[in-house]
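Biologist: Before I trust any of the labels on this one, I'd like to hear the reasoning behind them. Can you walk me through it?

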Amino acid sequence: MLQELEFGRLENEFYDKKATAEDFVVCIRNNQVLVKRTKENGIEYPTYDLVKLWAEKNQWSGWKTSDVQYVFRMQDKDYYLWMGEAGESEDESFAYEEIRQMSVFETKAACFAACTAMHLYVWYRNNQFCGRCQTPTVHDTKERMLRCPNCGNLIFPRISPAVIIGVTNGDKILMSKYAGRAYTRYALIAGFTEIGETLEETVKREVMEEVGLHVKNIRYYKSQPWGRDGGVLMGFFCDLDGSDEIHLDEKELALAEWHERSAMPTEDDGISLTREMMRVFEEGREPK
Ligand SMILES: [Zn+2]
């Protein structure tokens, strides 16, 4: 999966660090990130000394007086975030690439860095002011938190829990396709957890809403951070309980159908929990 890197891991402990010349800076504009493609390393992020130069020359806009914020360390490199709307670079080998099209990132580490940085970027951007009293917030120096100097409101990063559901019926699994989205491959039923709901209740509700089926024997499989959508995904398998007749929610889904274990139409892409769950089912290795 995306977070299972070739080596090392994402070290996301918070430090109040100052960027040095060779540190990487993730620069975001709309939903795009500034990267360079190289033959040797796949994807590279610009270093702080380059970004400082470009920002001064091309008058990149920042939200605050601080231009960059330390976000995490990955594979022996420190990553910072440009705190504002990034602008043009002065180097033609760098270009803005769409984060949603993850295949543009040739290494998992580069892709995972982009997604995680995007999650933090959205949180920092959306919390420049206190939601309670509208005062500009300040950065805490000990942990990843914003605080309001006027009313004391503490704002922590927001992570939205969501479930992915493999509904099984003996040697069949329910596969679906989204309605009205660019993504046209098979998916599993999925949805965000509502306030006041357990994860098991989310599983039952989403399956009922999207395909009108009852489920039982809900068992947890694995989770995956999904920064692109600000979430954490939790994968569950469950068994059909009762009728297998599908009643499709056509606003959400274009189709939903049962697929035999021996004739699964998809391949694991090594990135998403959804595809891993499909492969695990194909190989008969789902938790029973
Ligand atoms: Zn406040």
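**Labels and the reasons for them**

Modeller: Sure, but keep in mind that this is a predicted model.

Biologist: Fine. What makes the site of the zinc ion tetrahedral?

Modeller: Its four donor atoms make angles of 99 to 118°. The label asks for four donors with all angles between 85 and 135 degrees, so the site qualifies.

Biologist: And how do you know which atoms are donors of the zinc ion?

Modeller: The SG atoms of Cys130, Cys133, Cys148 and Cys151 sit at 2.3 to 2.4 Å. The cut-off here is within 2.8 Å of the metal, so they count as donors. Along the chain the spacing reads C-x2-C-x14-C-x2-C. Cys133 is in the loop between helix H2 (108-126) and strand E11 (138-139), while Cys148 is in the loop between strand E12 (146-147) and strand E13 (154-155), 15 residues apart.

Biologist: Why is Cys148 called buried, and what is Cys133 called?

Modeller: Cys148 has 3% relative accessibility, and buried means under 20%, so the word applies. Cys133 has a relative accessible area of 23%; that falls between 20% and 50%, so Cys133 is partly exposed.

Biologist: On to the inside. Which residues touch the most other members of the largest nonpolar core?

Modeller: Tyr45, Phe72, Met74, Tyr79, Leu81 and Tyr124, out of 52 residues in that core. H2 gives the most to it, with 13 residues. Leaving aside neighbours within four places in sequence, Tyr124 is in contact with residues including Phe14, Trp63, Leu81, His139 and Arg144. Another core, of 19 residues, lies apart from the largest one and has Ala187, Ile189, Met234 and Ala256 among its members.

Biologist: What makes strand E1 (10-11) and strand E2 (24-26) edge strands?

Modeller: Each has a single partner strand, so one side of each is left without a neighbour in the sheet. The sheet is open, with four strands in the order E1-E7-E8-E2 and mixed pairing.

Biologist: How do you know that E2 pairs with strand E8 (residues 77-82)?

Modeller: Three bridges join them, and pairing needs at least two, so they pair; the two run parallel. Val26 stands opposite Leu81 in E8. H2 packs on this sheet too, touching E1, E2, strand E7 (68-74) and E8, and its direction makes about 145° with that of E7.

Biologist: Why is strand E18 (residues 231-240) called largely enclosed?

Modeller: Eight of its 10 residues are buried, so the rest of the structure largely encloses E18.

Biologist: Which strands pair with E18, and in what sense?

Modeller: Strand E14 (residues 160-169) pairs with E18 in the parallel sense over nine bridges, and Met234 in E18 is the bridge partner of Val163. Strand E17 (residues 215-226) pairs with E18 in the antiparallel sense over eight bridges, with Gln224 partnered by Leu233 in E18. The hairpin of E17 and E18 has four residues between the strands, and Gly230 takes a positive phi there, near 65°.

Biologist: What makes helix H4 (residues 273-282) largely enclosed?

Modeller: Eight of the 10 residues of H4 are buried, so the rest of the structure largely encloses this helix. Arg275 and Glu276 are among the buried ones, along with Leu273 and Phe281. The cover over them includes E14, strand E15 (172-178), E17, E18 and strand E19 (253-260). After H4 comes Gly284, with a positive phi near 70°.

Note on methods: Residues are numbered from 1 along each chain as its sequence is written. This is a predicted model: local features need pLDDT of at least 70, side-chain atom pairs count only at pLDDT 80 or more; totals for chains, interfaces and linings use all residues. Side-chain values use heavy atoms; hydrogens and water are left out. Donors are N, O and S atoms within 2.8 Å of the metal (3.2 Å for Na, K and Ca); water is not among the atoms, so sites may look incomplete. Four donors count as tetrahedral if all angles lie between 85 and 135 degrees; four count as square planar and six as octahedral if opposite donors are over 155 degrees apart and all others between 65 and 115; anything else is irregular. Buried means under 20% relative accessible area, exposed over 50%, partly exposed in between (1.4 Å probe, protein chains only). A nonpolar core is a set of buried Ala, Val, Leu, Ile, Met, Phe, Trp, Tyr and Cys residues joined through side-chain atoms within 4.5 Å. Contact means heavy atoms within 4.5 Å. Axes are lines fitted to C-alpha atoms, for helices over the stretch in contact, and angles run from 0 to 180 degrees between N-to-C directions.
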